[in-house]
Amino acid sequence: MKTNHNFFLNLAFNLAKINLGKTKSNPSVGCVVEKNGSVISSGYTSINGRPHAETNALNKKMNFKNSNVYLTMEPCTHHGLTPPCTDIIIKKGIKRVFFSFLDADKRTSNKSSLVLKKKKINVLQKK
């Protein structure tokens, strides 16, 4: 079965619009979790910027092992007011991460691929 990556990324962008302008200094990000061609979870950045989209989508009691995550922006890798989103992606057994934009924050920009690939998670930037 061929997965339509653009379809799931477009869903993530639609989710990101929900709190656009309401996330303070954090960007409004959308996250879609896909497994076997179906959306099994989704999330977006909460009002005031926390929790992040990835946490909202993955912080559920379900089996995410070998699923794909589609994000509007690369997941954060640094400890700030919350743990890095790459931590929950690794913990949940995600197989692949697709994202559209690099994070502008220098603490994370272009670093998530390195962190996730060390844990054998494929990362692809889809523009």
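**Sheet order, crossovers and the largest pocket**

Trainee: Over how many bridges do strand 4 and strand 5 pair?

Mentor: This is a predicted model, in which local features need pLDDT of at least 70 and side-chain atom pairs count only at pLDDT 80 or more, whereas totals for chains, interfaces and linings use all residues. Residues are numbered from 1 along each chain as its sequence is written, and side-chain values use heavy atoms, with hydrogens and water left out. Strands (E, at least two residues) and helices (H or I, at least four) are DSSP runs numbered from the N terminus, and two strands pair if DSSP finds at least two bridges between them. Strand 4 and strand 5 are parallel, and the number of bridges is four.

Trainee: In strand 5, which residue is the bridge partner of Val 97?

Mentor: Strand 5 also places Leu 124 opposite Phe 98. For Val 97, the bridge partner in strand 5 is Val 123.

Trainee: Which helix joins strand 4 and strand 5 in a β-α-β unit?

Mentor: The unit is right-handed, meaning that, with the strands pointing away from the viewer, the path from the first strand over the helix to the second runs clockwise. A right-handed unit is also made by strand 3, helix 3 (residues 85-91) and strand 4. Between strand 4 and strand 5, the element is helix 4 (residues 112-118).

Trainee: Which strands stand at the edges of the sheet?

Mentor: The sheet is open, has mixed pairing and follows the order 2-1-3-4-5. Each edge strand has a single partner, so one side of it is left without a neighbour in the sheet. These are strand 2 (38-44) and strand 5 (122-125).

Trainee: At about what angle does helix 1 run to strand 1?

Mentor: Helix 1 (residues 5-16) lies across strands 1, 2, 3 and 4, where contact means heavy atoms within 4.5 Å. Axes are lines fitted to C-alpha atoms, for helices over the stretch in contact, and angles run from 0 to 180 degrees between N-to-C directions. To strand 1, the angle is about 145°.

Trainee: How much space lies in the largest pocket?

Mentor: On a 1 Å grid over the protein atoms alone, a 1.4 Å probe is used; a pocket is an open set of points with protein on both sides within 12 Å along at least five of seven lines, and lining residues have an atom within 4 Å of a point. Grid points are joined across faces, edges and corners, and the volume is the space filled by probe spheres set on the points. The pocket holds about 350 Å³.

Trainee: Of the 21 lining residues, which are the closest to the centre of the largest pocket?

Mentor: A ranking by distance to the centre picks out five names from the lining. They are Asn 26, Pro 27, His 52, His 78 and Asp 105.
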